[in-house]
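Me: I am new to this structure and would like a close look at one part of it. Please start with a single loop, then work outward to whatever surrounds it.

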Amino acid sequence: MPNITCIGAGYVGGPTMAVIAAKCPEYQVTCVDINQERVDAWRSGEPPIYEPGLRDVVNQCLNRNLFFSSDIPSAIKSADIIFVSVNTPTKDFGEGAGEAANLYYWEKTAREILACSDSSKIVVEKSTVPVRTADAMSRILNSSHANLKFEVLSNPEFLAEGTAIQDLERPDRVLIGGNQSTESGREAVRQLVDIYTHWVDRERILTTDVWSSEMSKLAANAFLAQRISSINSVAAFAEETGADITAVSSAIGMDSRLGPRFLQASVGFGGSCFKKDILNLVYLCRHYNLPEVADYWEQVIKINEFQKHRFVRNILQAMFNNVVDKRIAVFGFAFKAHTGDTRESPAIDICRQLVEEKALLNITDPEALPNARRDLNDLAGRVNCEEDPYKAAENADAIAVLTEWPQFAQLDYQRVFQSMRKPAFVFDGRNILDHQRLFQIGFNVHPLGRPPLSHL
Ligand code: NAD
Ligand code: UGA
């Protein structure tokens with residue numbers, strides 16, 4: 001049985017390896033991590049991350065051909081193919097601080113692979129990395145063992161959290177970058193293609209050179225984030241002029257050249273990758289002396305910051321420019337629905353800005369409360385986490401919807417209204433509620449990118 005090892009058992013490594021193990025029963029798949037707590041959780045069959053459908057896929061192959069371990073040297077040694085999906089956060093020190101990718105974990109992994117290998121291997125870059133990182137990895141790996149050969153491939157991951165399993169099982173495309181100019185490079189690409197053809201149509205598997213593959217991943221995330229900043233900038237314009245952003249999104253999205261997805265105005269995009277990857281792109285463009293291109297992409301992030309700030313400003317203005325000691329029920333803290341992940345969640349900045357205004361917050365979220373407590377740990381006196389949304393809204397002056405969890409739209413808002421202080425406000429940062437109905441109940445409703453419905 002060919003052996004696959006994955007270094008990094010996080011949001012990408014865990015689900016990706018579970019799906020590979022499920023689809024390729026003849027491969028033995030081992031996922032390793034330095035975080036013992038994470039490894040233990042995976043091994044117990046209760047994944048350390050919330051992802052719909054994940055637990056079933058894991059339990060289908062756990063201890064059959066899917067293993068989790070913290071014994072990294074053994075897993076490296078026994079592997080024929082090593083996926084690397086460690087984190088690549090933004091650098092927060094020295095040259096490029098705040099923009100460039102911190103490749104510390106990445107290089108550490110390369111050196112570990114080199115130190116523990118006694119046979120040639122294919123190394124697959126799954127993490128999102130700056131263009132030409134595979135080249136650096138290849139140079140480190142091929143630096144000492146004259147008799148061992150390491151082929152480094154780029155195979156960026158395009159899954160989105162909350163839909164990871166369906167994205168992995170039915171990907172729009174699989175991208176594999178490899179060295180096409182040598183036989184060993186072409187053979188490595190063939191071996192990786194063989195894994196994916198177990199369940200993905202060959203036409204959906206694109207093979208390219210390594211650099212184009214790395215660049216495509218950064219560009220794809222930049223394009224997606226750009227669409228959100230574009231619609232959010234139009235939402236700001238709509239609010240000033242009385243247009244309805246939902247109608248505008250529908251009208252734009254019906255153009256088959258544009259398509260309807262990723263046109264939901266929101267409190268801003270979050271998640272561990274969009275901001276980090278765009279900052280990385282901006283840094284690289286500056287490095288390659290393309291300041292105009294760097295400025296262009298940086299604007300996507302600036303609009304995102306503006307959108308979060310604008311949402312808080314709208315709350316303040318509607319509530320008579322004062323939220324001191326007013327209680328705001330925050331509906332949703334995850335960066336999107338169907339995940340417990342709060343990395344770069346817009347809710348973090350919005351809650352912090354509201355607390356700066358001396359508001360009191362009752363945060364509710366079906367999956368993200370443990371992370372919310374950690375993220376706002378220093379604000380404990382003014383922030384309260386509450387499982388039950390009805391309790392979160394009790395005696396509150398306002399509700400702010402920050403995550404588009406469908407259950408928030410199903411609540412009995414008559415009951416919610418009765419339990420709140422008056423005048424009661426709703427600020428729907430995801431436009432998921434029935435605004436007309438809320439207005440009829442008595443709420444002052446402030447949607448995003450649409451005129452408010454106010455009794456005041
Ligand atoms: P994560 O932080 O959830 O997981 C990374 C894991 O790597 C952690 O558990 C960490 O302990 C482990 N790790 C770090 N250094 C290690 C080492 N030397 N040896 C063993 N384990 C080590 O991160 P993630 O969200 O899975 O993202 C990983 C990469 O994939 C990033 O580059 C990210 O940009 C990219 N990516 C993420 C997503 C996503 O939805 N989260 C999607 C596509 C691509
Ligand atoms: C995103 C990409 O969609 C994935 O293809 C990519 O692999 C991944 O980043 C990555 O590299 O990490 P993810 O961040 O998990 O996936 O989730 P998205 O669905 O892209 O949502 C990102 C943010 O944009 C969320 O905060 C979401 O609420 C927001 N969003 C999304 C909007 O505000 N409006 C929309 O119309 C769509």
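Reply: **A loop and its surroundings**

Proline 423 sits in the loop that runs between helix H16 (413–419) and strand S13 (425–428). The model is a predicted one. Within that loop, the peptide bond joining lysine 422 to proline 423 is cis, with omega at about 0 degrees.

The strand that follows the loop leads to a sheet. S13 is one of 6 strands in an open sheet with parallel pairing, and the order across the sheet is S11-S10-S9-S12-S13-S14. Its edges are strand S11 (383–385) and strand S14 (444–446), each of which pairs on one side only. From one strand to the next, the twist averages 20 degrees. Strands of a sheet pair through backbone hydrogen bonds, in either a parallel or an antiparallel sense. As an example from this sheet, S9 and strand S12 (residues 398–401) are joined in the parallel sense by 4 bridges. In that pairing, isoleucine 328 has alanine 398 of S12 as its bridge partner.

Two helices pack on these strands. Helix H12 touches S9, S12, S13 and S14, and its direction makes about 165 degrees with that of S13. Helix H13 lies across S9, strand S10 (360–364) and S11, running at about 155 degrees to S10.

Between S9 and H13 there is another loop to look at, and it holds two residues with positive phi. Histidine 338 is located in this loop, between strand S9 (327–331) and helix H13 (346–356). Phi of histidine 338 is near 65 degrees, which is positive in a residue other than glycine. With a relative accessible area of 34%, histidine 338 is partly exposed, because it falls between the 20% limit for buried and the 50% limit for exposed. Glutamate 344 is in the loop between S9 and H13 as well. Glutamate 344 is not a glycine either, and its phi is positive at about 55 degrees. A relative accessibility of 41% makes glutamate 344 partly exposed.

From the sheet, H12 leads on to a further helix. Two packed helices are described by the angle between their axes and the distance between those axes. Helix H9 (residues 210–241) packs against helix H12 (residues 291–318) at an angle of about 40 degrees, and the axes are 9 Å apart. The two helices, H9 and H12, are therefore oblique to each other. The crossing of H9 past H12 is left-handed. On the H9 side, the residues in contact include Ala222, Phe223, Gln226, Ser229 and Glu239. On the H12 side, they include Tyr296, Trp297, Phe306, Gln307 and Arg310.

H9 has a second helix partner to consider. The axes of H9 and helix H10 (residues 245–253) come within 10 Å and cross at roughly 135 degrees. That angle makes H9 oblique to H10. H9 passes H10 in a right-handed crossing. Ile231, Val234, Ala235 and Ala238 of H9 make this contact with Ile245, Val248, Ser249 and Ile252 of H10. Ala235 of H9 is also among the residues that meet H12.

One more helix residue is worth a look. Asparagine 280 lies in helix H11 (residues 274–287). Its relative accessible area is 3%, so asparagine 280 is buried. Apart from neighbours within four places in sequence, asparagine 280 is in contact with Glu99, Ala101, Val129, Pro130 and Leu218.

The last stop is a pair of strands earlier in the chain. In a regular strand the side chains alternate between the two faces of the sheet. In strand S7 (residues 174–177), Val174 and Ile176 are on one side and Leu175 and Gly177 on the other; all four are buried, which leaves both faces of S7 covered. S7 runs parallel to strand S8 (residues 205–208), and 4 bridges join them. Isoleucine 176 of S7 stands opposite threonine 207 in S8. The route from S7 to S8 goes through helix H8 (residues 183–196), as a right-handed β-α-β crossover. Within the same strand pair, valine 174 has isoleucine 205 of S8 as its bridge partner.

Technical notes. Residues are numbered from 1 along each chain as its sequence is written. Chains are lettered from A and ligands numbered from 1 in the order in which they are written. This is a predicted model: local features need pLDDT of at least 70, side-chain atom pairs count only at pLDDT 80 or more; totals for chains, interfaces and linings use all residues. Side-chain values use heavy atoms; hydrogens and water are left out. Buried means under 20% relative accessible area, exposed over 50%, partly exposed in between (1.4 Å probe, protein chains only). Two strands pair if DSSP finds at least two bridges between them. A crossover is right-handed if, with the strands pointing away from the viewer, the path from the first strand over the helix to the second runs clockwise. Axes are lines fitted to C-alpha atoms, for helices over the stretch in contact, and angles run from 0 to 180 degrees between N-to-C directions. Angles under 35 degrees count as roughly parallel, over 145 as roughly antiparallel, 65 to 115 as roughly perpendicular and the rest as oblique. A crossing is left-handed if the near helix is turned anticlockwise from the far one by less than a right angle, and right-handed if clockwise. Contact means heavy atoms within 4.5 Å.
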